[in-house]
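Welcome! Take a moment to turn the model around on your screen, and then we will walk through it together.

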Amino acid sequence: MKEGWCSFDISEPNFRPLVVIELAKGTKEETREWLTKRIVDKKANGGAQLLVKPLVTENDDQNIYLVGASHFRLLLGAEAVGLVKECNDNSMRTFTYTSRKTFKDFAEDNHNFLTMAECQYIIKHELENLRAKDEKIIPGYPQAKLYPGKSIVRRLLTNGILVQIFPLHDQEELKKLRHTWYGRVKIGYQPLDEIRCYFGETITLYFGFLEYFTFALIPMAVIGIPYYVFAWEDYDKYVMFATFNLLWSTVILEVWKRFCAVMTYRWGTLLMKRQFEEPRPGFHGVLGINPVTGREEPVYSSIRRQIRIYLVSLPFVCLCLYFSLYVMMIYFDLEQWALDYHQENESNFSSLLLFVPSIIYAVVIEIMNRIYRYAAEFLTSWENHRLESSYQNHLILKVLVFNFLNCFASLFYIAFVLFDMKLLRQSLATLLITSQILNQFAEAFLPYWLQKRHKKRMKKKMFSQKTDTDLSLVEQVSLEKEMGTYFGTFDDYLELFLQFGYVSLFSCVYPLAAVFAVLNNITEIYSDALKMCRVYKRPFAEPTASIGVWQLAFETMSVISVVTNCILIGMSPQVNALFPDSKMDLILTVALVEHVLLAMKFVMAFVIPDKPRDIQIKLARLEFESLEALKQQNALG
């Protein structure tokens with residue numbers, strides 16, 4: 001017989017805090033009591049059936065609560081969210097409480113069967129699914145309206161009553177992870193399985209992709225070094241290098257899909273069923289009925305959203321693109337001024353001055369990218385997308401289009417309008433190296449320095465206070481709640497996407513781009529690891545089976561690189577010499593070669609399976625067994 005939610009007591013003799021809830025200071029007593037009661041109530045009564053304990057601090061305002069759960073509750077939650085675990089026969093299956101003893105390493109007294117990241121994900125899922133029953137308002141806040149089925153946590157967030165929810169670090173496990181991950185400089189693979197157990201699959205896949213991409217760049221770097229060392233600077237010598245790049249950019253992306261499938265099958269997320277998406281917290285509209293769920297929720301006209309997108313957002317993006325091109329033309333004016341000054345003076349100072357416009361332009365590009373990012377987030381939020389996935393897709397599209405034009409427009413202009421290969425090489429090198437230095441400083445070293453200063457101040461403050469509570473836990477929560485919030489892998493993937501563009505689009509002009517990319521990524525692995533472990537609050541684990549829309553973004557960039565490299569090859573003196581009389585024949589030949597290479601690219605993408613053969617067989621076997629079990633169930637019914 002299947003055990004229900006009310007079969008177990010919610011009490012737990014050894015309370016283990018997993019998640020922190022911070023309410024706004026001055027939150028009314030009736031609101032706190034109502035919220036904690038809803039959290040600890042049984043599932044049958046509409047609660048989350050979790051454990052809650054207030055964190056008593058010096059001011060004793062009780063606006064911070066620690067949330068945990070009993071071992072049984074977490075196992076039932078694992079079934080509810082559809083976690084996939086390894087069975088004793090080495091197969092991967094969706095966990096169910098009734099068949100718990102068939103899973104590897106399961107024991108009634110083994111509280112490590114679920115990782116801490118999985119436990120925190122379960123608690124987050126249960127908190128987010130706390131829904132209003134017959135309440136019309138949040139107690140104590142008449143302006144905070146509720147309706148049946150509304151997510152309580154989302155309403156508390158949008159009304160500023162709930163400040164944040166975040167998972168606690170496990171100091172012992174974090175110390176071990178830091179030591180194996182970045183505690184010592186070594187040549188080897190990252191401990192991806194350990195990272196996954198601590199941070200979850202989404203973040204681990206980013207680090208896996210970063211590591212894979214770094215290793216994939218090594219052949220490009222090894223081939224590119226001789227061109228620089230032996231001063232092979234004749235433009236026509238790079239035809240073979242560009243051809244190799246076209247095949248390389250396709251193969252690495254297809255092989256990554258296979259690596260990704262192997263990892264996510266081992267972790268169980270390849271088999272997880274997609275959860276039904278709830279409306280995002282910022283979504284608003286007139287109260288109506290969802291035709292799918294039958295629940296009351298805000299409804300917003302898709303026509304109004306399309307009007308906002310096409311009559312406001314699109315013109316704004318086009319205006320920003322125009323401004324980016326205007327700044328680019330100012331850069332070329334500065335380049336011409338520096339060149340004229342050098343031709344008149346020809347000194348060491350004038351030689352160095354030639355690089356100044358490119359450096360200034362690289363800094364301006366980074367500043368414009370960051371400012372535009374805030375504008376894009378505001379616009380996408382204003383468009384009022386119902387689902388988080390829709391919001392993310394529209395945001396990524398806006399940011400990618402602007403960043404692509406902002407970072408690469410000057411290179412296209414130099415290559416295909418000015419036909420200045422020397423300036424193209426100089427600009428590409430300056431943009432790549434400057435952006436890498438700025439990103440390392442802004443994303444890792446500056447936040448780490450600020451966090452270290454803040455930690456020292458907080459420790460002095462904590463040791464000056466006298467409390468009856470465990471000082472280490474109070475100190476840990478006080479430190480972590482003030483740490484920066486990690487908003488996801490968006491910026492990290494964007495940085496890799498732009499780097500992939502610098503390496504693949506104009507590789508035949510500057511082969512050393514891959515060398516600098518490898519060096520940057522090696523330091524990026526360590527700086528990003530430091531950032532995750534020391535700078536930001538621990539993020540909630542998010543199960544995922546792939547890198548999502550970024551796979552399509554990288555594949556699109558590789559298609560564009562085929563076109564640019566074919567045109568660059570067609571512009572080379574070596575190829576031009578083959579068509580001395582007819583430029584039209586040259587253009588047609590280049591177009592034909594480009595179409596053939598694109599065809600080869602798509603054929604390779606089709607021929608190389610996304611999943612290895614053994615993974616395909618395991619997935620097919622699971623599907624067959626599920627169908628057989630369904631047939632037997634129907635026959636018995």
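Is Asn-384 buried or exposed? Keep that residue in mind while we start with the whole chain, which is a predicted model.

Following the chain, you will meet 20 helices and 10 strands. Its radius of gyration is 28 Å, close to the 26 Å that the globule rule gives for 637 residues, so the chain is as compact as a globular protein of that length. Measured out along the principal axes would be the wrong phrase for a computed model, so let us simply say that the C-alpha trace spans about 85 × 65 × 55 Å along them.

How do the parts of the chain meet? Among contacts with a separation of 6 or more, 74% link residues 24 or more positions apart. Buried residues make up 49% of the 637 in the chain. On the outside, the chain exposes about 31500 Å², and carbon and sulfur atoms supply 63% of that area. As for charge, there are 68 positive and 68 negative side chains, and the centres of these two sets lie 5 Å apart.

Now let us zoom in on two loops. The one between β4 (84–86) and β5 (92–94) holds Asn-90. This residue is not a glycine, yet its phi is positive, near 70°.

The other loop runs between α11 (356–382) and α12 (388–418), and this is where you find Asn-384. Here too phi is positive, about 65°, in a residue that is not a glycine. And our opening question? Asn-384 has 0% relative accessibility, and because buried means under 20%, it counts as buried.

Terms used:
Residues are numbered from 1 along each chain as its sequence is written. This is a predicted model: local features need pLDDT of at least 70, side-chain atom pairs count only at pLDDT 80 or more; totals for chains, interfaces and linings use all residues. Side-chain values use heavy atoms; hydrogens and water are left out. Helices (H or I, at least four residues) and strands (E, at least two) are DSSP runs, numbered from the N terminus. The radius of gyration is taken over C-alpha atoms; the globule rule is 2.2 Å times the number of residues to the power 0.38. Buried means under 20% relative accessible area, exposed over 50%, partly exposed in between (1.4 Å probe, protein chains only). Contact means heavy atoms within 4.5 Å. Accessible areas come from the Shrake-Rupley method with a 1.4 Å probe; for residues, only the protein chains shown count as cover. Lys and Arg count as positive and Asp and Glu as negative; His and the chain ends are not counted. The place of a charge is taken as NZ of Lys, CZ of Arg, CG of Asp or CD of Glu.
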